[in-house]
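Open the model in your viewer and keep the selection panel at hand. The tour starts at one residue, goes on to a second one, and then turns to the whole chain.

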Amino acid sequence: MPVITPFRRSPRPSDDAPDDPDTPAAAGPAPLENLRTRLAHWRSWRTRHPRAALVVRRVTTAFSAILVLGSLLLPNTLVALEPNRFARIPGEAVVAAVLLLCLPRVPRLVAAALFGTALGALTVLNLLDMGFTEYLGRSFNLVLDWGLLDDAQSFVADAMGGAAATWAAVGAVVLAVLLLVLMALAAVRLGELLAAHRERAARGALMAATVWMTSAALGVQTFGVPLATTSASKAARAQAHRVVDTLRDEAAFAKEAKADRFGGTPGDQLVPDLRGKDMIFTFIESYGRSAIEDPVMAPGVGRTLDASTASLAKAGFHARSGWLTSATYGGSSWLGHSTFLSGLWVDNQQRYRTVTSGDHLTLTKAFEKTGDWDTVGVMPGVQKAWPEADWYGLDKVYDAFDVGYRGPKFSWSTMPDQYALEAFQRLEHGRKRDRPLMAEVILTSSHQPWAPIPRMVGWDEVGDGSVYDGIEASGVKASDIITDSTRSKEEYGRSIQYSVTSLTQWLERYGTDDTVLVFLGDHQPLARVSGDGASRDVPVSIVAKDPKVLDAIDDWNWTEGLEPAKDAPVWRMSAFRDRFLTAYGSVPHPTKG
């Protein structure tokens, strides 16, 4: 049957309709009109649902108050993050309330938004302080430390994977932006609430001010802390003072770096008593005093140091050990390296840039200056250009890509210490040469997060590092220990045992009558492992076969063996260079700043 299509009448166009369908009138209501309609509809929601609107207003107000007061009372360390800290009256809130009550509407909105944004920025800085104190034992420096955030992301990538690092970075940025925006909106919300209830708000502000001043005058406390506080203002002042002090320090340190007790000493008058010796300066990552004294790590590390001392003695080597106070803590190893070798206190990135861009004599460069040593560096942690090699006085540097390693990474560490030392032996120390060798070696297996940790293999089995494939795969995962303080301590202790064993076995196997080894830690591990309030001390040892080498430091009163006694001398790390140069016959020729 034929299909009959129903007749549909087309609508007749209006007489006043435009002929051109592309004209604005044909596109419907203007966008601005649409926006007004939607806003009007949203406002009418409050009229249509008064109870729900009341709940939303009260929740928003309560959230705004909690956000602002919480930020004003937020400490800048995790240790101080306790409930009693939030049971106080912030003086800044009282002052801000009075100020907002006195302002007309537009200035009030501007002032509230600025106050909230500033409070959000201070909250971000307090959170950064928490992280830096937890990991580096110091507060965040607004001038110098932004570059370290890239290092933090790289560390997370090595420990948790690239995806986790990316999400962590995105989350941190989003959190910072949200804090700024939400804090500004919260302050505006509270400011408008004060204005809407001006009389009651004025009475409340007066009462709060009276209670605050009385509590401050009488020292009233609640839950063990002062009821009246200006902690936010103190935190802001501390940040400001830190910025000013940093800028002043830059100029003062530049002048200090130009003065050098041995800066003008001719090469033939530097370390004459070590002529003919192979000098090896070795840093063990994060090897701190806590490894020797903390009850969790000390038993295993102590056994390793005792056993290594005995094994070295059988091979004819003897040691003296003491303590040095590092310029850094928990990280930034290059600050410890440069402090030890330059004799200057290099405790921040600006000082590091200043000293490495100058010509201050380093301990390693002193050997180069004599013309009697070949100078090399073994830096398995370096994975990009490293122009500081010239300042250190190193003729040749082997980085992570120069030693032929074909095995797996061990979290942050690019290769096991045993491999790095075997490569050093193959490439430099074991070669026949016309002159003795001076080497700076950086060992990285004890770098956080201390999982997985390599195991010792036969020195003849090291090869190209492929032997470590199974060891890395079967090791502890970094994600399993990174938030567990006790397990981190245990694994950290094992990593120190591994690094010390690798180094001392290398010396037993390859050391000669003319080998002199100086090794030390660059800094303590992070606070979660070293403990709250831990010192910045690290062990330092000098090991040699020639008794004259150790006789030269008899007046240092260091402990025999690889484990320094608790009461062994403690020097600032910056003092070592001059003491070492003096002990081995160097003649001072000072240069002035």
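In which loop is the place of Y468? Select Y468 in this predicted model: the residue belongs to the loop that runs between β9 (437-443) and α16 (469-473).

Next, colour by accessibility. Y468 has a relative accessibility of 0%, so it counts as buried; the cut-off for buried is under 20%.

To see what surrounds Y468, select its contacts, leaving aside neighbours within four places in sequence. The aromatic rings to show are Y405, F410 and Y419, which are among the residues in contact with Y468. Add P408, P416 and Q418, and then R455, V457 and V462, to complete the set around Y468.

Now draw a distance from Y468 to D480, C-alpha to C-alpha. The two residues are 12 positions apart in sequence, and the line reads 20 Å.

**Second stop: N348**

Move the selection to N348, in the loop between α11 (333-342) and α12 (349-356). Is N348 buried or exposed? Its relative accessibility is 16%, so N348 counts as buried, given the cut-off of under 20%.

Show the contacts of N348, again without neighbours within four places in sequence: they are L144, D249 and L335. Then draw the C-alpha distance from N348 to V124; it is 21 Å, for a pair 224 residues apart along the chain.

**Nonpolar cores**

Select F340, I542, F576 and F580. These residues have the most contacts inside the largest nonpolar core, which has 48 residues. For a second core, separate from that one, select I284, L312, F424 and L507, which are included among its 36 residues.

**Whole chain**

Zoom out and switch to a cartoon: the chain has 21 helices and 13 strands. Why is the chain described as more spread out than a compact globule? Its radius of gyration is 33 Å, well over the 25 Å that the globule rule gives for 593 residues, so the chain is more spread out than such a globule. Along the principal axes, the C-alpha trace spans about 105 × 95 × 45 Å.

Of the 593 residues, 46% are buried. Among contacts in the chain with a separation of 6 or more, 78% join residues 24 or more positions apart.

Finish with the surface and the charges. The exposed area is about 29,100 Å², and 59% of it comes from carbon and sulfur atoms. Select the 61 positive and the 66 negative side chains as two sets; their centres lie 12 Å apart.

Note on methods:
Residues are numbered from 1 along each chain as its sequence is written. This is a predicted model: local features need pLDDT of at least 70, side-chain atom pairs count only at pLDDT 80 or more; totals for chains, interfaces and linings use all residues. Side-chain values use heavy atoms; hydrogens and water are left out. A nonpolar core is a set of buried Ala, Val, Leu, Ile, Met, Phe, Trp, Tyr and Cys residues joined through side-chain atoms within 4.5 Å. Buried means under 20% relative accessible area, exposed over 50%, partly exposed in between (1.4 Å probe, protein chains only). Helices (H or I, at least four residues) and strands (E, at least two) are DSSP runs, numbered from the N terminus. The radius of gyration is taken over C-alpha atoms; the globule rule is 2.2 Å times the number of residues to the power 0.38. Contact means heavy atoms within 4.5 Å. Accessible areas come from the Shrake-Rupley method with a 1.4 Å probe; for residues, only the protein chains shown count as cover. Lys and Arg count as positive and Asp and Glu as negative; His and the chain ends are not counted. The place of a charge is taken as NZ of Lys, CZ of Arg, CG of Asp or CD of Glu.
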